[in-house]
Amino acid sequence: MLSRTADNLFWLSRYVERAEYLARILEATQRLTALPLAYVGETNEWATAVSTAGCASAFFEVYDEANEENVTDFLAFSTANSSSIRSCFEQARSNARAVRTALTMEMWDAINGTWLELKRYGNGATSREECSRFLRWVQESSLRYDGSAYRTMLRNDAYWFSRLGVYVERADNTARILDVKYHLLLPDNERIGGPLDYFQWAAILRSVSALTAYHWVYRESLKPWQVADLLILKDEMPRSLASCYENIVRYLDAIAGAYGRQGPAQRQARGIRTRLQNSRMDGIFQRGLHEYIGEFITENNRLGGAITQQFLL
Amino acid sequence: MVVAFDEMKGLNGGGVRPAYAELNRWLSEVPRDVLDYRRKEAELLFRRIGITFAVYGEAEAQERLIPFDVIPRILSAAEWRIVETGLKQRVKAINLFIKDIYNAREILRAGVVPADLIFRNPAFRPEMSGQKVPHDIYVHVAGIDIVRVDAETFYVLEDNARTPSGVSYMLENREIMLRLFPELFSRHRIAPVENYPDELLATLKSVAPSSSSSDPTVVLLTPGVYNSAYYEHSFLADKLGVELVEGRDLFVKDDIVFMRTTQGPQRIDVIYRRIDDDYLDPLTFRPDSSLGLPGMMSAYQAGNVTLANAVGTGIADDKAVYSFMPQIVKFYLGEEPILKNVPTWRCREEDHLAHVLDNLHELVVKEVHGSGGYGMLIGPMASKVAIEQFRAKLKTAPKNFIAQPTLSLSTCPTCVDEGVAPRHVDLRPFVLTGRERTCIVPGGLTRVALKDGSLVVNSSQGGGTKDTWVLDE
């Protein structure tokens, strides 16, 4: 297939995935800030939301203060922020239009319908209620796109590149949450009896839609190191770093098989997966959770670059 | 103004013509709100599918829908036979004409067409002189605009020999109609159009360079998403099963064109290009074009890639050349043209100009290189001031204009706000010419002027489209 087509598909999926992630962050932050201060401490959760979205410096160029209004506007509706939900959907739609022929009717319908619907939220949300509806709708749109891709696409390179986009973006998103909130997850943070951070941990899990999953996997109350374990090493958790890399390797292998050629992207992805497979939580904590996550983000970015180099130029 | 010929009711409300008998009956049965409902449904479908077009110079209306009229336009088998034979004859002559212009130039030496009309024409490409093209075919895809004035007479209004568009509407209109009005289809036997993409692909493959493999690689070259016909480009590429490429996806090495794929460079044999000559290759044509591909012309001239349509076919589009088309048909084929030309005054000739200036209020005056309905004067509809302004323009550069009588275009029943009413229509059939045969799928794109009394059918000027049915015997 055309390199440009593959590139468009790869990024189309990334934009949709990122839009959903931003919606989850905003939702989790709304919940957190609705709690009395005694439960969550004195931190500015809105500022944290901006760093978790990875656009703190861009934000503070425009705004002085990180409050609900500014952050919601910047992450959800701003046209100045190239990573806002609106911008993500707009770029996704423009990518989709450029590769119309590589999409199924259902995928086009999902992304074009989302884009048409987006116009209804022209000037942002007028109330918190409307904002919640918007965030819910963003997640539904992403599910619809993802589901239609999964259910209708031919299993060929177009599908594989589009899936790669999902998992490279998802790995980045999960890692960013961990990067910003790592201090909450260190083992010495647990306090017996109604920990101050309980709601923070719940918020982390909620932002990757894993709160219920946690209980099914561990069958006990929230423990910070287990939250980290779930998000980093648990294969069965679809947003964990390990699971993302299972998938990345799988789709890169499919591409290599079809093209009859291995390349640097395949080798790098397998390297990252092996490291994840060989890691244990206590080892990670000993060497430093923050360093571990930082390295992962760098490696994941490098893999994105390698995929681009090998296929998309 | 003269009363128009209505394709359903004939002239002056005569009896319903046989081809329309069933449709007329159906129209009288179907409740108005059902029509309205289906109309809305059709619009929704078009918007969902994303069939849009861009109107140049309208920033806020970046993507607009062409209005679709749910009442089909119907041609009988006998009527279509005339049109089809006439089209084949005309396109054959156009191909011979272009070949002659870029090679022996017999028609110029015989004095049938004035030489300066060709050599001073911006669409004339000196680079093509003496250039061989596979099987001497220059115009692989032609869109010939036809209007009708009475039961027997079809006129050719315009020849589009460059990159005619609109065929996606022909195909989508039929799909939508099949979905919305199955009961109407069950009452008729209608010749299908859905095989057009297959025929187009076969046509394109048949003109691959002789050096290419037995299964040549075809691509569709688009200027990109900002082009007004981008939807059509992606639609066709999809139906053809070929890559939709932009200039930046291609590169030329050793006079061979390649595309960049995820598996490395892949050689290209045939380029169905939907991009004008001017933008094809910045090394040969407009140096400021970033849409095309540097080196494409040298690969083309080396015979390593086929361009469809060929470079330089625009001379046959020119409206002044058009006025010579009857003589051109006779010159190459020794036959009388089956499809007539609209009588045309060439303002470049003094006596013609004098006539035009005296009769501006009843003529249609067009720019010879223009298209899309831009920059023309419709005398009977224009204000005195507009006519005087146009007169001044005409006097400064008479060579740039031709004039035609205001034709009373035929009308078809059309769904408008006030109900079902006659509206003026034209027809653009698409003629495919390959190595062995010429193919025209029955029908084409019918465009309709939705405003009462309007004669301008162009989508950029508020025209709509209809499904076009050719009845089986």
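Visitor: How many Å separate the centres of domain 1 and domain 2 of chain B?
Guide: This is a predicted model, in which local features need pLDDT of at least 70, side-chain atom pairs count only at pLDDT 80 or more, and totals for chains, interfaces and linings use all residues. Residues are numbered from 1 along each chain as its sequence is written, while chains are lettered from A and ligands numbered from 1 in the order in which they are written. Chain B is divided into domain 1 (210-304) and domain 2 (343-406), with bounds from an automatic or database domain assignment. Taken over C-alpha atoms, the separation of the two centres is 38 Å.

Visitor: What is the order of the strands in the open sheet of chain B?
Guide: Strands are DSSP runs of E, at least two residues, numbered from the N terminus, and two of them pair if DSSP finds at least two bridges between them. The edge strands, each paired on one side only, are β6 (250-253) and β8 (264-267) of chain B. The pairing is antiparallel, and the order in chain B is β6-β7-β8.

Visitor: In β7(B), which residue is the bridge partner of Lys253(B)?
Guide: β6(B) and β7(B) pair in the antiparallel sense over 4 bridges. The partner of Lys253(B) in β7(B) is Ile256(B).

Visitor: How many residues does chain A give to the contact with chain B?
Guide: Residues are in contact if their C-beta atoms, placed from the backbone, lie within 7 Å. Chain B contributes 15 residues; α9 (230-240), β5 (243-245) and β7 (256-261) of chain B each supply at least two of them. Helices here are DSSP runs of H or I, at least four residues. From chain A, the number is 15.

Definitions and conventions. Two residues are in contact if their C-beta atoms, placed from the backbone, lie within 7 Å.
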